[in-house]
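Welcome! Let us walk through this structure together, from a spot on its surface to its interior.

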Amino acid sequence: MSRAKNELQLQATVQLEVAENGRSATVTVERAPNGESWSASRIIELLKSRDIAEILPREEIERRLKPLATSKVDSATFEAAAGEEPSPPRPERPVWTDHKIPEALEEAAEQILSAAPPPNITKEVVTRVKRKKTVTRKPLLPFLPPRQETVEVVDRDTHREKVYVDPTVEGSGWVEAGQKIAFVEAADPGAAGKDIYGNPIFTSALPDSQFYAGMNVSRKRDELFAETSGLLRYGTNWVEVIPLALHSWSVRLSPDLASCLLDLTPGSPGAPLPAISAIVEAAKEQSYPEEALLPAGEIERIVAGIVSEGRPVEGVPISRPQESLVRIDVTPDNLRATLTLRKSRGEARPLSLKEVGAAIMAAGLKSIDKKRIQKEITEFYRGPQVDLVDYPLAEGKAPQTGADSVAEFSVRFHSAKQTAELLEALKETGECDAAPSSLSGDFPASAIEQTGPVQREQRVFSWSPPTAGESGVDVYGRTLPGVSGRKPSLRLFENLEEKQNVVIATADGVLDVGKEEDGTLLLRVRVDADARVEVSLSADRMSAVLNVSRRIGCGRTADEGAIRAAVTAAGVTAGVDDAAVRHAAAVAGKGESVDQLIVARGEPPVRPGQRQVKYLVPLASNRGVVIRADGRADYRNQDRMTMIRSGTEIAEIIKPTASPRDGFDVTGKSIAAESGSAAADIQPGPGVVQTARQDGTTVFRAESSGELIVENNLISVRPAHAVKGDVDLQTGNVRFNGPVYVTGTVRAGFFVMAQGEIRVGEGVESALLSADDDIVINHGVRGAGKAVIRTKKDLRLGFAEQATLLTVGDIIVASACLHTRIKCNGKLALPGEKGNLIGGHIQCRNGLDAANIGSERGVQTHVSFGQNYLISDQIEVELKAVEKVKANLARVDGLVRKAERLVGSGGGAPATPELTALYHEKSKLLRILEKRNLRIFTLREKFEEHFDSEVRVRGTIHPGTTLESHGRTLEITTPRKRVSYVFNTTAGRIEERPMQDS
């Protein structure tokens with residue numbers, strides 16, 4: 001071969017080295033000045049001379065020689081010829097999809113995979129089998145019979161053979177049924193190579209290039225799929241799925257969206273329980289509130305129970321139980337009716353739309369929009385809300401309020417300066433024992449805003465009648481009358497009287513005007529009047545009777561001089577009883593009144609041989625009017641009864657004298673013996689005994705207490721007082737120290753007070769009855785809010801309406817009690833079929849028994865039971881006394897500070913007697929306050945004592961009724977029938993029980 005022009009030439013030595021396997025040939029070139037001339041072409045010729053065919057290109061060999069030509073290196077070794085390596089065969093190779101084991105399954109997967117047996121891999125083998133078969137051939141001619149021939153056929157026989165694989169597990173995972181497991185890359189048979197001489201190099205074939213789909217795995221062309229859910233495991237050329245069915249579950253809401261329901265299908269026994277947190281999240285994803293679900297531990301218990309049974313279930317409630325509610329509320333004024341619904345949850349009975357509709361119809365409401373109500377309630381039932389509160393069913397029209405009264409004072413008020421001076425003067429008046437009680441009570445001096453002078457019978461304040469407004473209609477369709485405008489709110493204290501729409505002063509004095517926070521006017525007339533002394537003569541002028549009124553405010557008391565002056569002014573000149581006058585002066589000096597005291601007696605004339613009768617007690621004048629100390633006529637407190645106490649000397653009969661003697665009256669007028677009437681032959685009657693003194697005087701003495709009767713020459717004492725007919729202006733008020741019997745009615749404005757029993761044949765109006773023994777009223781009481789019936793024992797009556805009943809014993813009402821205030825330290829009983837207790841405030845220590853309590857209209861009725869309510873009255877009295885002591889203590893404290901400042905300004909002088917007295921008074925008040933507070937504490941402890949009692953309702957107790965005992969209350973919100981209520985002292989609450997028949 002000719003060398004190319006300009007070819008690189010080197011003076012060098014060349015060595016050729018061929019690999020043993022003939023796969024490569026290496027050339028080493030060393031520069032040698034004395035060596036042969038070598039070029040790339042010559043090196044190629046050298047290789048070819050050795051039959052080497054796979055030689056590098058000449059340019060590549062020349063590039064390898066260039067570093068030698070530039071003397072950069074001394075030698076170079078390079079591969080001048082190379083064969084081609086064979087490509088080895090590759091079996092089928094899977095490309096796996098994601099099959100990570102879920103975290104919740106890791107523990108169970110580890111246990112199952114570690115316990116699983118070696119893989120059982122099989123493959124499908126098809127063989128061809130020859131066999132003989134008889135077939136029927138059609139004849140060649142139609143009229144010939146078919147022919148039977150035996151032929152040889154080849155059938156395919158398919159069966160599975162076990163494949164022996166390496167059981168080593170190279171990986172595992174989790175797959176769902178139908179999930180694609182892997183894509184299988186096709187097998188590669190490989191390719192032959194060649195050596196540097198061009199000879200082929202062959203590779204060995206694989207014994208088995210197939211990738212096998214084992215148990216529960218199917219192959220579709222080049223893809224592997226899981227036939228069931230479970231654990232995936234695979235080796236070098238195999239894969240299988242160990243079945244593991246998870247527990248299948250879902251949550252859904254009930255049709256009314258109030259309850260959350262669980263559907264659960266148990267899986268394999270080894271499968272882990274569903275995550276409770278996932279169940280909760282699934283419920284929350286359906287907008288179900290987490291707080292309405294059962295606690296996680298309870299849900300887990302339910303799930304575990306279902307899984308252990310192994311049976312699928314549907315619709316298991318996992319909500320907290322809640323009872324359904326259907327309630328219709330009507331406001332006390334009957335102007336608004338609302339519906340409250342609550343859906344049930346859990347296992348409680350579900351809310352029924354039919355039940356809701358029935359409740360609305362039963363309410364009897366008028367003018368309701370049925371279509372709207374049906375639509376909106378259905379929407380609520382199907383919606384997510386659990387509660388529908390105060391949904392409006394019906395609205396009434398409120399009655400309108402008319403114009404208010406126009407009020408005005410008829411007083412010329414003091415200036416601000418004058419008022420201030422009067423209030424300053426009140427500080428001293430307030431120390432007076434006879435100061436108005438309201439000054440230390442509800443109307444103190446600090447509340448006075450205006451003052452002005454008034455006279456008795458003066459109109460102080462007046463107002464126009466309010467007008468009524470437009471009428472309305474309630475939710476039941478009933479008309480509601482219009483509301484009258486407001487009239488002034490007043491609280492009247494001393495010396496004022498309200499007459500229709502006018503307030504009249506009943507005494508001369510100063511009007512005090514104040515105002516409470518709610519705008520109520522406080523009115524009072526303060527007076528300071530001296531005690532008044534009056535002496536009246538009997539019709540025959542044979543006796544003089546003294547009456548001394550109490551002083552008013554800080555007025556002066558009556559002394560002996562004033563009393564004797566009044567006796568003289570009445571024309572009394574004879575028969576004056578000095579001892580009686582001195583007694584009257586002593587009583588009046590204490591600020592007390594003196595009533596009907598005989599201070600002078602005349603002496604009747606005596607005829608020869610006639611006895612003289614002398615009454616030792618003042619007899620009633622039997623007049624229908626009494627003139628008060630202020631000069632006004634009193635037709636209610638009449639002088640028709642002479643009261644006498646047991647042991648009192650009534651009269652005496654002086655023995656006859658031989659000679660006549662003139663008499664005289666208290667005016668000193670002489671009564672001739674000839675003109676005197678003969679003394680009657682007086683005899684003792686029932687209740688009176690006759691005795692004789694040593695001087696021969698006959699004395700009549702009361703054997704019992706009662707009413708003194710002198711008629712038909714008979715002196716007797718009746719233990720009971722009887723009123724034939726009504727207690728009215730004909731009889732006046734009745735005050736008796738024994739029993740009182742009234743055949744008629746006690747009329748409005750009158751009172752009957754007895755130290756025995758009281759029996760009324762008919763009824764009682766707005767009057768006062770007070771007795772130490774039983775009170776019996778055959779008909780009943782129509783009190784108009786003013787009647788008061790009080791007794792220290794039992795009370796029996798037909799009915800009570802707008803009255804106040806106060807008893808230490810029991811109260812028995814034949815029929816109804818309407819809007820009545822009752823305080824009974826025994827038991828209240830309404831035994832009749834119409835024994836209804838409606839409205840009012842009732843306190844009964846030993847409970848009550850009634851046919852019905854409250855009304856369908858929800859009238860407010862308050863019942864307290866089980867405690868001694870007389871003690872609560874004592875507590876109120878003590879609290880008022882404490883407030884009065886505190887007020888006095890504050891007053892004394894002010895005086896002490898004032899006195900201390902005066903003493904201090906004197907340069908450290910010792911305490912004055914006045915300051916010392918104030919210290920003593922303050923110390924005394926503090927001791928009184930301590931004792932009062934201790935008594936209040938003791939009374940409160942006694943008040944907490946429980947008495948066995950029961951509120952029995954034989955019929956119905958209606959909403960609007962409130963039961964109370966020991967500070968615990970129970971409001972009745974739905975009608976209850978035949979029930980009783982007791983106070984459970986252990987639980988500290990009022991409990992309802994089915995009524996047990998006695």
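Leu140 sits in the loop that links β6 (121-137) and β7 (147-163); strands here are DSSP runs of E of at least two residues, numbered from the N terminus. With a relative accessible area of 76%, Leu140 is exposed, a word used for values over 50%, while buried means under 20% and partly exposed lies in between (1.4 Å probe, protein chains only). Together with Leu141, Phe143 and Leu144, Leu140 makes a nonpolar surface patch of about 460 Å². Patch members have over 30% relative accessible area and no salt bridge (a side-chain nitrogen of Lys or Arg within 4 Å of a carboxyl oxygen of Asp or Glu), and nonpolar side chains are joined within 5 Å.

A word on the source: this is a predicted model, where local features need pLDDT of at least 70 and side-chain atom pairs count only at pLDDT 80 or more, while totals for chains, interfaces and linings use all residues. Residues are numbered from 1 along each chain as its sequence is written, and side-chain values use heavy atoms, without hydrogens and water.

Now for another loop: Glu757 lies between β51 (751-754) and β52 (758-760). Glu757 counts as buried because its relative accessibility is 16%. Beyond neighbours within four places in sequence, its contacts (heavy atoms within 4.5 Å) include Tyr741 and Asp773.

Finally, the interior. The largest nonpolar core, a set of buried nonpolar residues joined through side-chain atoms within 4.5 Å, has 50 residues, and Leu769, Leu828 and Leu848 have the most contacts inside it. A second, separate core of 22 residues includes Leu10 and Ala76.

Terms used. Patch = residues over 30% accessible without salt bridge, like charges linked within 9 Å, V, L, I, M, F, W, Y side chains within 5 Å. Areas by Shrake-Rupley, 256 points an atom, 1.4 Å probe, with all protein chains shown as cover. Helix = DSSP H or I, 4+ residues; strand = E, 2+ residues; numbered from the N terminus.
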